[in-house]
There are 2 protein chains.
Amino acid sequence: MPWFKNLIKISKTITNQSSSYKSITPLASPLLAQFLQFTKQYSTNDHVVGLEATKSDQKPRIVVLGSGWAGCRLMKDIDTNIYDVVCVSPRNHMVFTPLLASTCVGTLEFRSVAEPIGRIQPAVSTQPASYFFLANCNAIDFDNHMIQCQTVTEGVETLEPWKFNVSYDKLVIASGAHALTFGIKGVNEHATFLREVHHAQEIRRKLLLNLMLSDVPGVSEEEKRRLLHCVVVGGGPTGVEFSGELSDFILKDVHQRYAHVKDYIHANEILSSFDDRLRVYATNQLTKSGVRLVRGLVQHVQPDKIILSDGTNVPYGLLVWSTGVGPSPFVNSLDIPKAKGRIGIDEWLRVPSVQDVYSIGDCSGFLESTGRQVLPALAQVAERQGKYLASLLNKVGKEGGGHANCAQNINLGDPFVYKHLGSMATIGRYKALVDLRESKEAKGVSLAGFTSFFVWRSAYLTRVVSWRNKIYVLINWLTTLVFGRDISRI
Amino acid sequence: MPWFKNLIKISKTITNQSSSYKSITPLASPLLAQFLQFTKQYSTNDHVVGLEATKSDQKPRIVVLGSGWAGCRLMKDIDTNIYDVVCVSPRNHMVFTPLLASTCVGTLEFRSVAEPIGRIQPAVSTQPASYFFLANCNAIDFDNHMIQCQTVTEGVETLEPWKFNVSYDKLVIASGAHALTFGIKGVNEHATFLREVHHAQEIRRKLLLNLMLSDVPGVSEEEKRRLLHCVVVGGGPTGVEFSGELSDFILKDVHQRYAHVKDYIHANEILSSFDDRLRVYATNQLTKSGVRLVRGLVQHVQPDKIILSDGTNVPYGLLVWSTGVGPSPFVNSLDIPKAKGRIGIDEWLRVPSVQDVYSIGDCSGFLESTGRQVLPALAQVAERQGKYLASLLNKVGKEGGGHANCAQNINLGDPFVYKHLGSMATIGRYKALVDLRESKEAKGVSLAGFTSFFVWRSAYLTRVVSWRNKIYVLINWLTTLVFGRDISRI
């Protein structure tokens, strides 16, 4: 034990260090101390601390729940000269969801599709009264303009999760939706969703493990076939894009060793929101790539097979579940008017029954009284709502309505109007679909093939949030083209 | 449930597919079927299958245990026109260990330091009788030229690990060493090593979680200080480089928010193999960067603090254990002569007591009878041994000694000679140490500062195995310089 023999401490070093150490703890700056006032409140039999209400001589505080497309676009555009921003979310980054399927097979790196909040809105890491809190919001006290949160501490065995309160001047609920399982038994236990980076990591690890195990002597032919079956339930863009990526991976990168891998999509029809011509094209292309499309009603999911309602057993090695989203338990728990289960909003994206609360993205929908349809749960809806609401809140703040209960007499300007810009989906083999019609019934341009693959990639590349990730996505695509996909299982 | 309503199967699609499907299963090619002969043998009361001994008209088979520096360099240089290669390892990639510390804080991507075996030796994924098996070797039957393996199936709940045998013509044991814990209680449970990519991922996740939790209201000042203390036990290059990287991360990337993070190194002395002048320089530089060097004997590791032998308690949020390596349980289990606990080898890297067995890297050491010293457990020793042994085995194969028990009368040429090329360590803030002396006593060039930082980076960049990773490491370094380190916790 050479490192541990000598017990003499280098005391000079410690003395030098401890003086500078004291000057920066416990709080980084007097400014921070001034703003961070811990309030001790008695609530639900626990001492609960947190951020108390802002004073009239302080900047008003916008609290954003969630860090998806809606919340992040909002935070990006918020004028931090007017507002302090506090983001509460269980993850410290935004996931660039349209490219997530590509990370499962190594076309893109995981980090290339994750954008830290601090890069989207630098104020949360540099401004003393702006924060990012790694936590979930459990409840909202609309009357007292306060939310109750609980920290996410998974992975830290020495800390119990704790509760804290955050008072808001404006609250933006952008906490998103949950994956639908239709109450089918075994889905949560055995299937993998494809909504977060850790889902993509799990899919990648399972896929590579199955490929390698299928090559080891001693596994039966039946087990081998099962290990190499990938089943995707749901024929929306995520399911189709994952199948396309998987086929590319099999055909181009592991073909020589694992040519017998097959994937299946269980869905009534694929890409139901797309133009009929495009759907036929996609079906043909996917079939050519070795994807088998099967229609069926899943009844039960077991660890190694799914059982359809007609009694068919479908063994699988990897099961990806991608059948759309519905309201989250948190949204269900809120006692405010809903629209199709979502938080009901008016044309200015406000929750009209309470003061200073807004909701955007997949968790919200227009109230029936607005006479508008609930918008689809799409990234482009969420992003446009975030952009609109940021400019609305900036306007309100400039006109002196930033603090709680101060915005009643401010003209909000034009209401939010959504114009669908079109849908895109890649289907593998350098091919994609682009549907530029405003709605399913409208006429317009729809493209398929290499041109639209090129349009698809360019469109995404220009919309990835930071320059760092733009560069990385481009480099990932280039290296995949030159060197193939990476198959290290780390 | 729009996707599940319709139960009609697209029968045309299925029929088209199933014909092509049959033609490529169960085995990818007749060639593969011809070589992959499953032998059913009765062993330890189980049916054990595997690869049986090669026939004289087949290529001889080299079996390599491990996928570290030694095994991978060997596989890279093996002439696959002469031999088939079978690699047995619990991970399907080689870790470029000298750069691993950089991945913990986001300077480099995890994937940039992992090289898949298939990229190092393409034969394992393209040749029908060459394989990579994701498994551990449990035992070696030296008399019958056969190893017994067990698959690694962590993460696959539907499969029990199973055993299989692989016969060898030549066996190369390059299974590496284990991290030393000196029997100190709690190290395995609470500390993190830094030897594999998943260790670096764990360190990164813990570090970012601790940083974020320390900012949430409700955590006591004492807990906050604990969360932000990173303790490194061991003052070797890994410990010093990790501390340097961590300081850079704190000073450059999260300084504004988390200025009060401190790290400590507990070690008797740092970089004991380096030139004294360099060690003083390193100590000063690290101290300037906020690293506190403490000498002490660790007695006990608890979930939130370490206890030193003088009774001092040192609370920590993250504990990295890097105190060198010693023999693995597998090496201990082998009934062959040892040298300081390692597998004893002669000057040609053979295990002299048995036929056709070689050992290289951290698991092997020169027998006392050779009159040579056991070489240090360094990447450069392992790599040079792998290179030497590949050329020796290629020579033996060319002269007709490739098959089992056929190499007795072949002249092996010059024995292996190790010449130390020097040591390098980076210490953060664009500074590094380069010690180009052949041994601790010898005279020679030693450098410190920016020049040697530049030498350090260039040296590593040219030695990363594939062009893909060379490009990625360069791009990672450039983007870190321009955009800073990534702090998304995925």
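Which helix gives the most to the nonpolar patch? The first legend below takes this up; every view shows a predicted model.

**Figure 1. A nonpolar surface patch made by residues of chains A and B.** The patch covers about 1000 Å². From chain A come A:Tyr430, A:Phe450, A:Phe454, A:Leu474, A:Leu478, A:Leu481, A:Val482 and A:Phe483, and from chain B come B:Trp467 and B:Ile471. Two or more residues each are given by helix 14 (450-463) and helix 15 (467-483) of chain A and by helix 15 (467-483) of chain B. Helix 15 of chain A gives the most, with five residues. B:Trp467 lies in helix 15 of chain B and is exposed, its relative accessible area being 58%.

**Figure 2. Helix 13 of chain A, residues 379-398.** The end C-alpha atoms of this helix are 29 Å apart, which agrees with the 28 Å that its 20 residues should span at 1.5 Å a residue. Helix 13 of chain A is mostly covered, as 15 of its 20 residues are buried. A:Gln385 is a residue of this helix and is buried, with a relative accessible area of 3%. A:Gln385 and A:Ala70 are 315 residues apart in sequence, yet their C-alpha atoms are 6.5 Å apart in space. Just after the helix, A:Gly400 has a positive phi of about 85 degrees.

**Figure 3. An open sheet of three strands in chain A.** The strand order is 20-21-23, and the pairing is mixed. Strand 20 (338-339) and strand 23 (364-366) of chain A stand at the edges; each has a single partner strand, so one side of each is left without a neighbour in the sheet. Strand 20 of chain A pairs with strand 21 (residues 342-345) of chain A in the antiparallel sense, over two bridges. Across this pairing, A:Ala339 stands opposite A:Arg342 of strand 21.

**Figure 4. Strand 18 of chain A, residues 318-321, covered on both faces.** In a regular strand the side chains alternate between the two faces of the sheet. Here A:Leu318 and A:Val320 lie on one side, A:Leu319 and A:Trp321 lie on the other, and all are buried. Strand 12 (residues 229-233) of chain A runs parallel to strand 18 of chain A, and four bridges join them. A:Val233 stands opposite A:Trp321 of strand 18.

**Figure 5. Cysteines of chains A and B without a disulfide.** A disulfide is a covalent bond between the sulfur atoms of two cysteines. A search of the whole structure finds zero of them over all chains. For A:Cys87, the closest cysteine sulfur is that of A:Cys72, at 6.5 Å, which is too far for a bond. A:Cys87 is buried, with a relative accessible area of 0%. For B:Cys149, the closest cysteine sulfur belongs to B:Cys137, at 5.1 Å, again too far for a bond. B:Cys149 is buried as well, at 0% relative accessibility.

**Figure 6. Salt bridges within helices of chain A.** Side chains of opposite charge can pair when their charged atoms come close. A:Asp77 and A:Arg73 meet in a salt bridge with an N to O distance of 3.2 Å. Both lie in helix 3 (residues 69-77) of chain A, four residues or about one turn apart. A:Asp77 is partly exposed, with a relative accessible area of 28%, whereas A:Arg73 is buried at 18%. In a second pair, the closest N and O atoms of A:Glu223 and A:Arg226 are 3.0 Å apart. A:Glu223 and A:Arg226 are three residues apart in helix 9 (residues 221-227) of chain A, so about one helical turn separates them. A:Glu223 is partly exposed at 21% relative accessible area, and A:Arg226 is buried at 5%.

**Figure 7. A salt bridge in helix 3 of chain B, and a network that joins residues of chains A and B.** The salt bridge between B:Asp77 and B:Arg73 has its closest N and O atoms 3.2 Å apart. The two residues are four apart in helix 3 (residues 69-77) of chain B, about one helical turn. B:Asp77 is partly exposed, at 27% relative accessibility, while B:Arg73 is buried, at 18%. Elsewhere, salt bridges that share partners join A:Glu109, A:Arg204, A:Asp486, B:Arg111, B:Glu115, B:Arg119 and B:Arg468 into one network. Over all chains, the structure holds 38 salt bridges.

Methods
Residues numbered from 1 in each chain as written. Chains lettered and ligands numbered in written order. Predicted model: local features only at pLDDT ≥ 70, side-chain atom pairs only at ≥ 80, totals over all residues. Heavy atoms only, no water. Patch = residues over 30% accessible without salt bridge, like charges linked within 9 Å, V, L, I, M, F, W, Y side chains within 5 Å. Areas by Shrake-Rupley, 256 points an atom, 1.4 Å probe, with all protein chains shown as cover. Salt bridge = Lys/Arg side-chain N within 4 Å of Asp/Glu carboxyl O. Buried < 20%, exposed > 50% of the residue type's maximum accessible area, 1.4 Å probe, protein only. Expected span 1.5 Å × (residues − 1). Pairing = 2+ DSSP bridges. Disulfide = S-S within 2.5 Å.
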